[in-house]
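Let's walk through this structure together, one contact at a time. Have the sequence and the coordinates open as you read.

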Amino acid sequence: MKDFTIDPDLKELTEHRTTTLPIACYHTTISHNINGYIPMHWHDEFQFVLIMKGQAVFQIQEESVTLDEGDGLFINSGCLHLARDNHHSGCVYICLNVSPSFVLSQELFRSHVYPYIGATNLPYLRLTPQEDWAKNIVDAILEIDRLIRQSPALYQIDITIQLAHIWRNLVANGFPLEYKEAEMLKNHRMKNMLNWIHLHFAERVRLEDIAKEGQLSRSECCRYFRRFLKKTPLNYVMEYRIQKSLTLLQQPEYNVTDVAYQVGFNSTSYFIQQFRKSMNMTPLAYKKRKISLIP
């Protein structure tokens, strides 16, 4: 089961790069993540996605998009996003992460890249291969994947050529850019509230504490969570506690009661009840299954 490290404010800590370039390309099987899905996170890199098998649902900020095999997706720098396998399809996708400063030369970054990072109406773009500009991007993603895997002579130069090709097609699409302070503030508040939860999930968590961190009323806080995460703040806390318990349960030195209290439950029986609801098995069954797989 795969996992990746995020800091308390949901920023992914994985360094996305090859040995020499600030770029990384992964083949990701969504169901192989330790949570069974890719949890909400963000990173400074641009992300380009290409579905190779199955079907995925990506949520970016407040919006959801369903992608089929062959579809692509651009996720902007700094945008909260998660991914789920749709209908247990065995979804596999290419994930290309690239530092915005590496997309074009330093001389062109300010005028042709930076404006896109700050655009509040561009959390993502769907890349539909039926459109020429999007197909060109999809083809370039496949070529970069090949170049990184095979590392032919001068492949680093060829990668920079493909990145410029990707960005030219994205810019040529003519997407109008908007900059709304209210949208920037909304994103900032959501990150602050999630950050607070991730720092304090093992403690007593009250709705008013979460709302205070976002400088919101309780009702407005709930509306934010419903828009971004399709659940209430306290439901998110419960799910996050279950997520955090998964890694601990795989460690032989912790029993179920130890784990329950470490992730914020005051009752082992309540932890078992909520874990079963989320994972369709008891924590002990999960623990035995995972430990049996350890060589």
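A good place to begin is a helix pair: M238, I242, S245, L246 and L249 in α9 meet Y270, F271, Q274, F275, S278 and M279 in α11. Here contact means heavy atoms within 4.5 Å, while helices (H or I, at least four residues) and strands (E, at least two) are DSSP runs, numbered from the N terminus. The residues of this α9–α11 contact comprise eight nonpolar, three polar and no charged. In that count, Ala, Val, Leu, Ile, Met, Phe, Trp, Tyr, Cys and Pro are nonpolar, Asp, Glu, Lys and Arg are charged, and the others, Gly among them, are polar.

Before going further, note that this is a predicted model, in which local features need pLDDT of at least 70, side-chain atom pairs count only at pLDDT 80 or more, and totals for chains, interfaces and linings use all residues. Residues are numbered from 1 along each chain as its sequence is written, and side-chain values use heavy atoms, with hydrogens and water left out.

How do the two helices cross? Two packed helices are described by the angle between their axes and the distance between the axes. Helix α9 (residues 233–249) packs against helix α11 (residues 268–279) at an angle of about 95°, and their axes are 10 Å apart. That angle makes α9 roughly perpendicular to α11, a label covering 65 to 115 degrees. Axes are lines fitted to C-alpha atoms, for helices over the stretch in contact, and angles run from 0 to 180 degrees between N-to-C directions.

Now turn to the sheet. Four strands form an open sheet in the order β2-β7-β4-β5, with antiparallel pairing; two strands pair if DSSP finds at least two bridges between them. At the edges are β2 (38–41) and β5 (63–67), each pairing on one side only. Two bridges join β2 to the antiparallel strand β7 (residues 81–85), and H41 stands opposite H81 in β7.

Within strand β4 (residues 56–60) you will find Q59. Is Q59 buried or exposed? Q59 is buried, with a relative accessible area of 6%; buried means under 20% (1.4 Å probe, protein chains only). Beyond its neighbours within four places in sequence, Q59 has contacts that include M40, H81 and F228.

Finally, the cysteines: the structure holds zero disulfides, a disulfide being a pair of cysteine sulfur atoms within 2.5 Å. The sulfur of C222 is 5.5 Å from the closest cysteine sulfur, in C221, too far for a bond.

Conventions:
Buried < 20%, exposed > 50% of the residue type's maximum accessible area, 1.4 Å probe, protein only. Parallel < 35°, antiparallel > 145°, perpendicular 65-115°, else oblique.
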